[in-house]
Amino acid sequence: MLDLPPLMDRREAMKLMSAALALAAGGCAHPPLDQIVPYLEGQEGRDYGEPLYFATALTQGGYAQGILARSNMGRPTKIEGNPRHPASLGATTPIEQGRILELWDPGRSRAVLHDGEIASWDELMTMLTARLARLQTSGGAGLRLLTRSSSSPTLLALIDAVLARYSQARWHHHEPVNRDNVHEGARLAFGRPLEPVYHFDRAVTVLSLEADFLGCMPGKVRHARDYMQLRRPDDSRSPMSRLYAVECMPSLTGANADYRLALPSSRIGAVAAELAARLSRGGKASSAWLESAAADLDSHRGSSLILAGEGQPAQVHALAHDMNGRLGNIGKTVDFIQPPVEIRELAGASLAALAADMHAGRVDTLLILDGNPVYDAPADLEFARALERVPASIHHGLLVDETAQRCAWHVPAAHELETWGDARAFDGTLTIQQPLIAPLYGGKSAIELLGLLIGELGYVSHDVVRATWRQRFGDQQLEQRWREALRTGIVADSASAFEKVTAAENPTAPPAAHAERGAGGSDAAPGELEIVFRPDPFLWDGRYAQVAWLQELPRPLTQLTWDNAAMMCPRLAAQLGVQNEELVELELEGRVAEAPVWIVPGHADGAVTMMLGWGRTSAGTVGSLRGSSAYALRSSRAPWFARGVRITRTGRRRPLASVQGHHGMEGRDIVRGASLAAYRVNSGFAKKKADIEPPESLYPDVPYPGYAWGMSIDLTSCIGCGACTIACQAENNIPTVGKQQVLVGREMHWIRVDRYDEGPPSAPRTAFQPVPCMQCEHAPCEAVCPVEASVHDAEGINVQVYNRCIGTRFCENNCPYKVRRFNFFGYTPNTPILDAMRNPDVTVRTRGVMEKCNYCLQRVVRARIVADRENRTLHDGEVVTACQAVCPTQAIVFGDLNDPRSQVRIAKSSPRNYALLGDLDTRPRTTYLARIVNTAADEPV
Amino acid sequence: MQVFSPGLVLALKIGALGALAAVVAGLFLWRRYIALEPAMGDPVVQVVPFSHKHHVGDDGIDCRYCHTSVGHSAFAGIPPLSTCMTCHSQLFTTAPVLAPLRAAFAGERTLSWNRVYELPDFVYFDHSIHIAKGIGCSSCHGRVDQMPLTERQAPLTMQWCLGCHKDPEQQLRPPTQIFNMSWRPPANQRELGHRLRLFYHLHSTRLLTSCSTCHH
């Protein structure tokens with residue numbers, strides 16, 4: 001991030017200049033020789049300098065996402081998906097990509113703190129030992145543990161060991177973006193809390209009741225892949241699924257739906273109730289939208305799916321389960337398993353109980369393992385004030401965050417990539433997590449800390465995790481199965497068995513009014529404005545606020561970076577008389593927050609949405625004081641939506657850094673699309689004149705007899721999640737620039753995801769388009785470069801030669817796709833620890849140099865060398881670009897255009913293939929496959 | 001009227017020449033400053049005075065005994081200390097010159113070698129592909145088997161790299177000769193090189209001289 005030094009006066013400048021001159025004249029010595037430090041012991045089968053990949057998992061909310069973490073000479077540098085892991089299948093979400101920066105973050109906590117002063121681990125142990133001895137006599141009354149929701153067998157066993165030792169102690173768990181409604185909904189429907197597992201690859205008709213299964217739910221990467229199995233318009237034998245979505249704030253799911261209905265969250269329960277009535281009793285639904293959805297669901301019994309989002313009340317979930325049961329979908333498109341995360345009590349209730357006890361002075365010793373309740377607990381619990389009544393509070397976390405500052409003790413936590421552990425995926429599959437590096441900043445794992453409580457002072461996470469698995473695998477098979485689990489990243493056959501479900505007594509037909517209330521929202525008079533809380537797609541509940549990559553990654557539906565806003569539809573904004581960036585005050589039940597307005601086409605009328613995770617006050621230099629905290633308004637009674645919010649104008653403004661200022665195509669065919677029916681009639685609709693017959697060119701045709709690299713991006717598959725952008729950032733050492741620089745359009749992403757809204761602002765059709773460098777064969781950038789810094793290589797990649805570049809920026813001006821990025825400043829910080837994080841295969845660019853996508857040249861070269869060494873040609877799929885690898889839906893295909901059987905050639909032979917701005921005769925190597933949606937033929941696309 | 005006296009003119013001329021000389025000297029200094037260190041042909045002093053002449057020339061140890069990954073990694077690899085100790089736990093066990101090695105192997109302190117060959121960070125050189133495609137060690141590293149202390153034998157400038165990338169035939173060796181320190185191009189190297197180029201399936205000169213072959 002860029003930090004300009006304060007301006008200096010003339011004398012200061014003269015002093016520095018003369019000092020620099022004197023140094024230049026007098027210090028004519030070479031830099032010291034570089035050193036090579038050899039290993040002590042050789043490692044059989046390992047090649048010096050070659051990257052190694054470790055299979056492990058990262059968790060969020062207790063749900064594991066399998067990954068392969070790349071280690072270059074012992075330094076974790078990049079995260080890839082684990083193809084064997086059911087939640088990944090080789091891809092990841094944007095958040096996992098950012099977690100490598102979270103690991104290296106120089107702002108992480110480095111020391112044990114006592115009342116804000118540096119203390120030692122030994123001092124903490126002394127304090128704790130004395131305290132625990134006293135607690136043991138009282139059976140541990142007043143001892144409380146607070147963790148995040150967890151699925152880890154090891155951690156849960158340790159917690160049980162603590163509870164066994166101190167009979168009066170209690171364990172609480174807290175997750176701001178929790179799945180309470182999901183589990184409670186299953187309890188209403190089936191009599192016990194269960195976790196639904198969806199099979200989108202079998203669901204031909206899907207109705208989402210504000211369930212953002214592509215962007216928010218555990219297993220979303222897998223869902224996206226499965227969902228796209230049935231969205232292959234070129235495969236005429238496979239049916240194409242149809243997605244109906246009802247939601248308030250446009251989400252990835254809504255944007256990708258064939259039919260979307262915008263309603264305030266509180267009214268979605270009524271829709272569910274009406275639909276249930278229509279499906280069970282027949283008749284006609286009140287609206288055409290609902291009727292067509294109902295008819296579609298009705299005609300796809302056993303191959304349809306209705307699902308509700310975590311923000312919808314439990315009753316809506318119960319209704320969805322009931323409808324799925326009636327439609328015969330249970331066991332076909334949805335199954336149920338024991339919840340992977342441990343829920344002895346629901347997360348919301350668990351934290352509320354703790355807060356009540358704290359207020360009442362019944363908590364003596366509180367151990368907060370990895371959580372930040374002072375920041376993210378519901379406002380009505382007044383957690384910070386409750387914490388003041390706890391005599392001994394110990395916080396364990398990556399940062400000295402809001403909670404750490406108010407606790408008596410703080411212990412730096414080890415990152416998930418620094419410690420052993422285990423966790424379950426959304427379908428119950430277990431992964432043993434292995435560390436890639438010893439704790440960089442002296443962090444301790446939760447296992448070590450819990451060990452203290454049961455009198456084990458020297459717990460090592462490896463031994464404890466292995467002991468758990470010794471029990472499960474048995475002594476005989478331990479070594480073999482342990483190694484196998486670590487090698488593959490999953491414990492074989494550990495997915496949870498599907499439960500047989502039977503409907504509970506009288507589960508259904510809660511009246512509409514009932515569905516509207518419940519655990520999700522508060523009731524109030526109609527006509528009142530509603531506020532909806534959603535997790536930020538990248539900062540989540542705020543825990544990733546210190547990760548600059550995630551801060552600067554444009555939000556899929558707002559294109560905002562570094563800030564959040566009060567989001568509303570154009571009509572409500574006009575009604576309030578506010579415009580974008582105008583600060584408004586939101587008041588709910590006496591609590592107040594201030595946020596700038598951002599108008600979002602397609603947002604439901606009568607509601608305003610705020611993303612959680614912003615407004616951190618103590619998240620390091622990167623994460624602090626960015627955006628406005630929605631937690632100020634969020635109560636435990638209405639954690640997802642509440643009515644009765646009042647909005648008043650302040651007349652002030654806060655500029656918002658959006659990377660795209662215009663979302664209309666203005667009649668140009670940038671994203672080409674059609675309905676499935678129209679495509680079946682006219683498959684060549686996407687071909688324009690320039691695609692069929694390239695115009696005459698003044699440039700000579702250059703032959704590419706060897707490999708000719710090319711890319712195809714399928715706009716039908718692209719869900720717009722943004723994973724490609726951040727994976728590219730991680731792979732190619734792309735710097736972040738900060739909000740001020742984004743405001744002047746200087747973001748550096750090599751692949752951006754553009755969003756286009758067509759149609760009326762109240763109900764637009766949204767399309768996403770990832771735009772990397774097009775690698776034009778007739779590249780406009782090359783003709784204008786005075787120093788040949790922009791040239792083609794022998795395989796057709798348009799390369800940027802950093803050492804030649806003198807920064808005229810002519811190329812950027814002549815690029816019709818605006819994909820070139822200029823280093824206006826030295827954006828890459830001079831932080832030694834971050835140097836260790838960077839990809840050693842990619843040059844770090846300096847100030848004054850142009851840069852852009854080069855098809856992950858380093859991966860091409862590396863793969864080519866391996867093939868050349870073996871005297872063979874590259875196989876198709878051997879070179880995988882970073883964006884391609886991370887894409888959950890495999891929308892990006894890369895390969896050799898000279899290989900007639902390559903996937904990219906097959907993709908480009910689709911009638912949907914077209915070139916962006918092809919009439920400019922740039923002959924791009926990257927082309928697109930037109931977007932097909934499954935709507936009726938006559939509807940606009 | 002003459003403004004400048006002849007003496008002053010002389011002084012001015014000498015002064016101007018002096019300034020010119022200073023600029024030239026400055027340029028030379030600057031060039032030396034930006035040159036890679038250590039200079040070509042300067043033996044590099046190491047903590048342990050490791051002699052390739054002794055190990056390779058006299059004892060006949062193959063390059064790959066220590067530089068194990070040269071055939072399948074970008075880096076040739078510096079041997080782990082355990083490799084040194086396979087012999088030196090038996091030989092010269094009390095030699096004072098090996099004291100740092102023994103101390104490092106016992107974990108008392110680290111042993112750091114000074115780099116002899118160093119490329120800028122924006123250049124990506126891969127040993128394995130050169131080995132696989134008929135470029136021998138001595139083509140770039142010289143007669144290492146005759147160096148008591150290792151010294152740099154190639155300028156490592158882009159011009160030098162391209163000299164071979166434009167015309168690899170002059171340096172291609174048969175696969176059996178890669179690790180032969182005393183290999184010299186035979187009289188018919190042109191013809192041999194041409195045949196070897198086909199044998200090794202070398203890429204086109206266009207690709208070998210593309211920027212992206214070494215810079216990414």
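Trainee: Is Met567(A) buried or exposed, and how do I tell?

Mentor: Count the C-beta atoms around the residue; 20 or more within 10 Å makes a residue buried. Met567(A) has 28 other C-beta atoms within 10 Å, so it is buried. Do keep in mind that this is a predicted model.

Trainee: Where in the chain is the place of Met567(A)?

Mentor: Met567(A) belongs to strand β22 of chain A, residues 566-568. Leaving aside neighbours within four places in sequence, its contacts are Met249(A), Thr558(A), Trp598(A), Val600(A), His603(A), Val608(A) and Thr609(A). If you want a distance to try on screen, pick the C-alpha atoms of Met567(A) and Pro339(A): they are separated by 33 Å, with the two positions 228 residues apart along the chain.

Trainee: And what is Met568(A) in contact with?

Mentor: With the same exclusion of neighbours within four places, Met568(A) is in contact with Ala573(A), Val597(A), Ile599(A), Val600(A), His603(A) and Val608(A).

Trainee: Which residues touch the most other members of the largest nonpolar core?

Mentor: Start from the general idea. In soluble globular proteins, nonpolar side chains tend to be buried together. Here the largest nonpolar core has 273 residues, and those touching the most other members are Leu209(A), Ala272(A), Ile531(A), Ala566(A), Met568(A) and Ala727(A). Another core, of six residues, lies apart from it and includes Cys63(B), Val70(B), Ile131(B) and Cys137(B).

Trainee: Which residues of helix α23 of chain A are buried?

Mentor: Helix α23 of chain A covers residues 723-731; nine of the nine are buried, so the helix is largely enclosed by the rest of the structure. Ala723(A), Ile726(A), Gln729(A) and Glu731(A) are among the buried residues. After α23(A) comes Asn733(A), which has a positive phi near 55°.

Trainee: How do I read a pair of strands, say β20 and β25 of chain A?

Mentor: Strands of a sheet pair through backbone hydrogen bonds, either parallel or antiparallel. Strand β20 of chain A (residues 530-535) and β25(A) run parallel and are joined by six bridges. To find the register, look at Phe533(A), whose bridge partner in β25(A) is Met610(A). Six of the six residues of β25(A), residues 607-612, are buried, so this strand is largely enclosed by the rest of the structure.

Trainee: In what order do the strands of the open sheet with four strands come?

Mentor: The order is β12-β11-β10-β13 in chain A, with parallel pairing. β12 (259-262) and β13 (304-308) of chain A are at the edges with a single partner strand each, so one side of each has no neighbour in the sheet. On average, neighbouring strands are turned by 10° against each other, direction ignored.

Trainee: How many bridges do β10 and β11 of chain A pair over, and what packs on the sheet?

Mentor: β10 (residues 205-209) and β11 (residues 242-247) of chain A pair over five bridges, in the parallel sense. Ser208(A) has Ala245(A) as its bridge partner in β11(A). Helix α10 of chain A, residues 314-326, packs on the sheet and touches β10 and β13 of chain A; the direction of the helix makes about 170° with that of β13(A).

Trainee: How do chains A and B meet?

Mentor: The size of an interface is often given as the accessible area lost when the parts come together. Here we can use contacts: 40 residues of chain B are in contact with 37 residues of chain A. On the chain B side, the elements giving two or more residues are α1 (6-34), α4 (81-88), β1 (113-114), α6 (127-132) and α10 (205-208) of chain B. That side divides into 17 nonpolar, 17 polar and six charged residues. Strand β1 of chain A (residues 35-36) and β1(B) run antiparallel, joined by two bridges, and Ile36(A) stands opposite Trp113(B).

Trainee: What does the radius of gyration say about each chain?

Mentor: Compare it with the value for a compact globule. Chain A has 28 Å, which agrees with the value near 30 Å for 941 residues. Chain B has 24 Å, well over the 17 Å that the globule rule gives for 216 residues, so chain B is more spread out than a compact globule. As for burial, 57% of the residues of chain A count as buried, and 21% of those of chain B do.

Note on methods. Residues are numbered from 1 along each chain as its sequence is written. Chains are lettered from A and ligands numbered from 1 in the order in which they are written. This is a predicted model: local features need pLDDT of at least 70, side-chain atom pairs count only at pLDDT 80 or more; totals for chains, interfaces and linings use all residues. A nonpolar core is a set of buried Ala, Val, Leu, Ile, Met, Phe, Trp, Tyr and Cys residues joined through C-beta atoms within 7 Å. A residue is buried if 20 or more other C-beta atoms lie within 10 Å of its own, exposed if 12 or fewer, and partly exposed in between; C-beta atoms are placed from the backbone. Two residues are in contact if their C-beta atoms, placed from the backbone, lie within 7 Å. Ala, Val, Leu, Ile, Met, Phe, Trp, Tyr, Cys and Pro count as nonpolar, Asp, Glu, Lys and Arg as charged, and the others, Gly among them, as polar. Two strands pair if DSSP finds at least two bridges between them. Axes are lines fitted to C-alpha atoms, for helices over the stretch in contact, and angles run from 0 to 180 degrees between N-to-C directions. The radius of gyration is taken over C-alpha atoms; the globule rule is 2.2 Å times the number of residues to the power 0.38.
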